[in-house]
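Me: Mind walking me through this one, question by question?

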Amino acid sequence: MKIFVAFLFVHLIAGILCSEADKPKNTRNTEMLLELYMLMLRALRLYRLDDLGEAVKQAVIDKCKKNGGPKAFDDAKESLLSLQNSIDSLINDTANQVLLVGSESWNAQEQIPRFCDKYMTVLNQTKPPLTSVRPCLDEAERASANIAYNMMFVGGDFFCRNNGSNLISFYTARGFECIISHYPRNCSVQMPPRNNSTVLTDGVRIAGAPWYYETSYPSLNECKSIRTAKICAVEKLSGCEQPEPASVVNSGYAAVEKAAGCENILNAEASSAA
C-alpha cells in the first residue's frame, strides 16, 4: 500500500537526511521542519494519472467505467486534479514566504500550529477526492481504502493535535538534528523479507493508490515491517540528549499501527506461534 508509507513521520524525515547533511547546525532544525512540512503536503497530492503509462492508464479507465459507470473516471480525475492544484498552490505560497523572510527568522513555536492547521485542512480535503475514486474500486478495495485514510488521519492528528504539541516537543528537543546524527546506526532488528509472491495481473495493480488498493492490506508481513520500523527508529532516537524525540516517534508509530489494525494482527500471530 504505497499511500501508507508516504505518511509515516520517520520515513518523511529519512527522505531529507541526505539533502540536509551539509547544512549549518544552527539552521538545520528549522530547515528540516520546513522541508518535512513540504514533503507532507506533496505526499497528499496522491497520483496523477498522466504519470502512468498508456496501458496502465487505459486499465484504470476501464475499471472505473466497469465499476462506476461512464462518468466515474472523469469525476475521479477532476476531483483529484482540483486537490492537487490546491496543494501545489499552498506549497508555492509556503516556499515564497520562506524566501521572503528566511528560515532563520521563523519562530517554530508560532509556525508549527499554523503548519498543522493548514496540513489538517488539506488532509480533510483529500476525503472527497478519495470518495470520488470509490466507484472505481471493488468492495474489498474500498475497505482497504478506508483503512488507508484512517491511518493518514490518525498520523496527522497525532502530530498536530493541541496546536501541534507533539511536533513542537520533537522540534524543541532538536529531534531533527538528533535523527541525522543517529540514523546511520545499525538496528537490533531487521526488516522482514519482501513478499514477492503476489502476481500483478493487470495495469491497475501497477498504478498504485488511489486507483488501486491491496484487498488484503495490511498483511502480516507489512505489519511486521511497521513494527520493525518503529523499534529501529526508537533505538536510534534513544541516543538523543532529551527523551522527547524517541517518545514522540514511538507513540506516533503506535497510533498509526493501531489504526491499521496491525496490533490485532501481530498479537494473533504471536498467539498462534506460542
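**Around α9 and α12**

Me: Which residue follows α9 with a positive phi?
Reply: Helices here are DSSP runs of H or I of at least four residues (strands: E, at least two), numbered from the N terminus. Past the end of α9 the phi turns positive, near 55°, at R174.

Me: What's the small print?
Reply: It's a predicted model, so local features need pLDDT of at least 70 and side-chain atom pairs 80 or more, while totals for chains, interfaces and linings use all residues. Residues count from 1 along each chain as its sequence is written, and side-chain values use heavy atoms, with hydrogens and water left out.

Me: Where does α9 bend?
Reply: Take the angle between axes fitted to the seven residues ending at a residue and the seven starting there. For α9, residues 139–172, that gives about 120° at N163.

Me: How do the rings of Y171 and F176 pair up?
Reply: Rings of Phe, Tyr and Trp (its six-membered ring) pair with centres within 6.5 Å; planes under 30 degrees apart are stacked, over 60 edge-to-face, the rest tilted. Y171 and F176 sit in one aromatic cluster with F170. Their centres are 6.4 Å apart and their planes at 65°, so the pair is edge-to-face.

Me: Is R227 buried or exposed, or in between?
Reply: R227 sits in helix α12 and is in contact (heavy atoms within 4.5 Å) with E257 and L266, leaving aside neighbours within four places in sequence. Buried means under 20% relative accessible area and exposed over 50%, with a 1.4 Å probe and protein chains only. At 27%, R227 counts as partly exposed.
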